[in-house]
Every structure is written in C-alpha cells, then in structure tokens.
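Thanks for sending this one over. Here are my notes, set out as numbered points to read beside the model.

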Amino acid sequence: AASPSGERRPPPAWVAHRHPSILIKYFDARGVMEVSRLALALGGVAFAETRWPLDVSKMEDGLAVAAPEYCAAVDSGELDANLGRGPVVVVGGETVLAQSKAIERFFARMLGLMGEDELSAAAVDAFTEHVRDLKEKYQRARGAGGAERERALADFYGQTLPDFLQQLEKTVAPGGHVVGGHLSLADVTLYQTFTDYFDDPAKAAAAMLGCPRLLAAFDAVESHPRVKQYMAGRKQTRL
C-alpha cells in the first residue's frame, strides 16, 4: 500500500504466511466470537486466547467489579482498535482487528469460507445478514417484560421462527450447503446460531424440521470431524 507521500509501505510480516498467529481477546464466553472460533476450528487453524473473566452476578455493580481484567485492558489501550471494547484479534503479533463481524469475514476469506467468487461471497454475506435479522426478532421477543415476555416467546417459537425459516430455506442452494455446494461462513453461522443462541434450542430445532436444505447445511458443519473435536473440548461457559 502507498503512503500519502507516494512511498510504498512494506506489508506486515505475517502476510507471507497463510495462517499467521492469532490471538483472540474477549470475555470468557462464547458470545460474539464463537462463529470465528468455529471457523478457525473448521479450518484446522490453531489460535490463542486471552479470556477475561465476567461475573454476571455483579453486573449491577458495573464492569469494574464484574470484569476487572477487561477494564484493565481498556485502560491499557489494548482495545483502542475497537473503540475501547472487546473483542479484538491480534494477527501475526502486530495487526489488531476489531468488530466481531469484520473478524468473522476476515477469517472466512483466509480459510476459503467466503465462496468461490465475489457473487458467491455476496450470497454468503446476505445469508449471515438474514441470520442477524432473525436474532434481532428473537431479542425483541426475549426483551418483552412480565407476562408479555412469555407470550412473545411463544409467538416467536411457534410462528415467527418457523415462518422465517421457510423463507430462509428458499435462499439455500441444493447440495448440502447454503451457498455453492461448499462449506462457508453461512453454514457456520447457521450451525452456531441453532446450537448456542436460543434459550430453548429444542424449540428452535423443531422449527427447522420442515427445512431440509437448512438441515443439511447444519448437519454438514455438525458432522465435520474438526468441528466435532472442537465441540467436544470447548470450555463450557454461561454465555
């Protein structure tokens, strides 16, 4: 890349390596980094982690009490690339990446999980955005107060989710994967969402029963040997 003066800067040293060193800095939780972890596991890429303890029972007292190591990282400037928030990922020991979705797509491109060309990459991207829309619908239902919450969640699992999945099914290509007959970030996103995201995974899984293409894409990730190994050994956390 050229500097403002017109001089070309040398690329970071890690660019010469297909799989540079990777350090994930995030809470001791699955959270917004689990899709990235699964993608790396699927690609057979080792990564290190700094996992900040988070005591959810103390959240009312503030993050300084609930997550002091995280706050120390903020104060030290470690998280400046993400505006003083987690997560960040250090690549090759020198380049800091921010924003969980940008990190997912970086890993997907690195691992060949963004489709075969720009059109298929756009299809992968679109599917992951559809899933984001679904999560927002779920959070609206989950965020309802009192007795309304129970009704809203019943409506979500009984009507909203099945209807949404029927629409999503129409976007999935035949052949066992969401896009182009190959594993991609879209398949990983689907798998992680229906494995980890919903408070009632059994009801969420039931809503997918009438969607054979989605089920095949889910199974393609779940049955992969590297994913099975990762899931068997991953740390159990509350979030």
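1. Valine 90 stands opposite valine 96 in β4. These valines are a handy way into the hairpin, so to speak, of β3 and β4. Please keep in mind that this is a predicted model, where local features need pLDDT of at least 70, side-chain atom pairs count only at pLDDT 80 or more, and totals for chains, interfaces and linings use all residues. Residues are numbered from 1 along each chain as its sequence is written, and side-chain values use heavy atoms, with hydrogens and water left out.

2. Strand β3 (residues 88-91) and strand β4 (residues 95-98) run antiparallel and are joined by four bridges. Two strands pair if DSSP finds at least two bridges between them; helices (H or I, at least four residues) and strands (E, at least two) are DSSP runs, numbered from the N terminus. Three residues lie between the strands of this hairpin, and glycine 92 has a positive phi near 65°.

3. Now the sheet as a whole. It is open and has four strands in the order β2-β1-β3-β4, with mixed pairing. Because β2 (48-52) and β4 are at the edges, each with a single partner strand, one side of each has no neighbour in the sheet. On average, neighbouring strands are turned by 20° against each other, direction ignored. Angles run from 0 to 180 degrees between N-to-C directions, and axes are lines fitted to C-alpha atoms, for helices over the stretch in contact.

4. Five bridges pair strand β1 (residues 22-27) with β2 in the parallel sense, and leucine 23 stands opposite alanine 48 in β2. Helix α4 (residues 100-110) packs on the sheet and touches β1, β3 and β4, its direction making about 120° with that of β4. Contact here means heavy atoms within 4.5 Å.

5. Is alanine 48 buried or exposed? At 39% relative accessibility, alanine 48 counts as partly exposed, since buried means under 20% relative accessible area, exposed over 50%, and partly exposed in between (1.4 Å probe, protein chains only). Not counting residues up to four places away in sequence, alanine 48 touches Ile22, Leu23 and Ile24. Its C-alpha atom is separated by 11 Å from that of proline 20, 28 residues apart along the chain.

6. On to the helices. Helix α1 (residues 34-42) and helix α7 (residues 185-197) pack with their axes 9 Å apart, at an angle of about 125°. That makes α1 oblique to α7, because angles under 35 degrees count as roughly parallel, over 145 as roughly antiparallel, 65 to 115 as roughly perpendicular and the rest as oblique. Residues of α1 that meet α7 include Val35, Leu38 and Leu42, and their counterparts in α7 include Leu185, Val188 and Tyr191.

7. Arginine 37 is in helix α1 and, at 1% relative accessibility, counts as buried. Leaving aside neighbours within four places in sequence, arginine 37 has contacts that include Glu49, Arg51 and Tyr230. Threonine 193, in helix α7, is buried with a relative accessible area of 0%. With the same neighbours within four places set aside, threonine 193 is in contact with Val131, Lys135 and Phe198.

8. One last check, on the cysteines. The structure holds zero disulfides, a disulfide being a pair of cysteine sulfur atoms within 2.5 Å. Cysteine 71 counts as buried at 18% relative accessibility, and cysteine 211 is buried at 0%.
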